[in-house]
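Got your viewer open? Let's take a short walk through this one, picking out a few spots to select along the way.

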Amino acid sequence: MMINTNYLIIGSGVAGLTLALRLAEKFPKKNITIVTKSNADESNTKYAQGGIAIVIDKNEDSYQKHISDTIICGDGLCDEAVVKMVITEGPKRLKELIEWGAKFDKDPDGNLNLGKEGGHSENRVVHHKDQTGYEIERAILKQVFQKENITVCDHHFAVDLITEENCCLGIIVLDEKTKLLQTYKSDFTILATGGIGHLYGHTTNPVIATGDGIAMAYRAGATIKEMEFIQFHPTAFYEDSSGSKFLISEAVRGFGAYLRIRQGHRFMMDYDSRQELASRDIVSQSIDLELKKSGDDCVYLDCTHLDLEAFKNHFPMIYKHCLTAGIDIEKNWIPVVPAQHYLCGGIVVDTEGKTSVHNLFACGECSQTGLHGANRLASNSLLEALVYSGRIYEYLANPDLEIKTTDYKIAGKEKTDKPETDSEYLAELKTKLQYLMRQNAGIVRSDSDLQNAKEQLLKWKNEMEQIERTQQISVPFYELLNMIIIGSLIVSQSLDRQENKGGFVKLKKLCI
């Protein structure tokens, strides 16, 4: 079955949805198709608690301060021109969000209430309590569903890009309900597929974050870079189980919470002059060191000295989660542990979101823009997604834009009668993969661990390719195959990097 569309967007987070909305308003006669493997509202955007870092108060803050904070956090690997572009375009993108109906917290005078997070020199984080991403997703989806020329295909899994002569012509999609493969032909394809968190098991990302877009782009020959820079959020709520972790926002430390070991010592004072407000890489590595020294499973976030009513007003979701888990923050410390949170590398794009494959674009967490360098500054991700969504739109809206095509005829794929893959085998292999990545490619790595992981990942990849030839494909199969490819990219690029930078630390050179 062949489906034709003008613009094909894979993913339904803030990057993909805002691009779809802009294109739909500009080209009411053209078709925009959004393909998403879960519900339309399920994405990393939805779980972003903190907010969007944007310079609003020019008296206290400035673009230059935000640029400087970003570059310091990125540890010398940011593209300064990109940093300047993203930060200076921020206010314009925020104005659009507000026009689309997103609501943000205000102070008693009616001005935006600006929060402060680790690595920021000023208060500049625009937020909606501790559910900013959820609020943005709500507002944009409401607008998207009102557009007649946007089709949202939920529970459709993008299997592979269709390319010929380094030109993207569309994608092969598996309809999760009918189990049939469909071919989507498009003038332009945009990957907005989010992150890779589920590869680590312990993650703040939802289970859909399996790196599918990056894996597809890699198979299509697109340039993939800086996959070694994995950001671990220092403070995920500790539970003795794997799977998605509840995030205790950076903003809680910005609000004044202390990090303590079990005995009560405020250990961040030993590592960095910014203490609890040091950047995420420093805080995560410090916690990792403390846990290795003590053998404990977690450290603690102490909020007992804070104004309880103000905390409940500012962080209602966090307060409720802790209470449900038996933690009364007025009396008890919150158990926390680092968990995979964000990928700083990905599919390389230019300042218009173009990849190295013609007619293929990428934005949001799956892309490598040069903004983050070796470590992402808190709340710069939603900002980047909004700005690059806008940049891609401006490129595609150019009336003189020519569509590069080839004479290649896309052949449809049919369902086959091969036996189904053993689901227990896939689940078992995924658990092994997640453990391997946590142990061998986590917060602190070593060449010997990475080399062992590389060899194991290659064996698993060969196993999966053998299964693909003989058995019926499924979403769990493709997700696992993609996760193994992402794991291989992380490991090989970690082996290649010799210098410790930002979120990347090799044991032999560890010094904090």
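Start by selecting Cys363: is it buried or exposed? Cys363 has a relative accessible area of 1%, so it is buried. Keep in mind that you're looking at a predicted model.

Now add Cys366 to your selection. It holds the cysteine sulfur closest to that of Cys363, but at 6.7 Å the two are too far apart for a bond.

Next, jump to Cys344. This one is buried too, because its relative accessibility is 3%. Its closest cysteine sulfur belongs to Cys73, and a distance of 8.0 Å is too far for a bond. A disulfide needs the two sulfurs within 2.5 Å, and the count for the structure is 0.

Time for some empty space. Select Asp288, Lys292, Arg438, Gln439 and Ile443: of the 25 residues lining the largest pocket, these lie nearest its centre. The pocket's volume is about 680 Å³. Now colour helix H7 (280-294), strand S14 (334-343) and helix H11 (423-440), the elements that each give two or more residues to the lining. S14 provides the largest share, with 4 residues. Colour the lining by residue type and you'll find 11 nonpolar, 5 polar and 9 charged residues.

Last stop: select residues 475-496, which form helix H13. How many of its 22 residues are buried? The count is 18, so H13 is largely enclosed by the rest of the structure. Try a distance between the C-alpha atoms at its two ends: they are 32 Å apart, which agrees with the 32 Å expected at 1.5 Å a residue.

Note on methods: Residues are numbered from 1 along each chain as its sequence is written. This is a predicted model: local features need pLDDT of at least 70, side-chain atom pairs count only at pLDDT 80 or more; totals for chains, interfaces and linings use all residues. Side-chain values use heavy atoms; hydrogens and water are left out. On a 1 Å grid over the protein atoms alone, a cavity is a set of points where a 1.4 Å probe fits but cannot get out, and a pocket is an open set with protein on both sides within 12 Å along at least five of seven lines; lining residues have an atom within 4 Å of a point. Grid points are joined across faces, edges and corners, and a volume is the space filled by probe spheres set on the points. Ala, Val, Leu, Ile, Met, Phe, Trp, Tyr, Cys and Pro count as nonpolar, Asp, Glu, Lys and Arg as charged, and the others, Gly among them, as polar. The expected span of a helix is 1.5 Å times one less than its number of residues. Buried means under 20% relative accessible area, exposed over 50%, partly exposed in between (1.4 Å probe, protein chains only).
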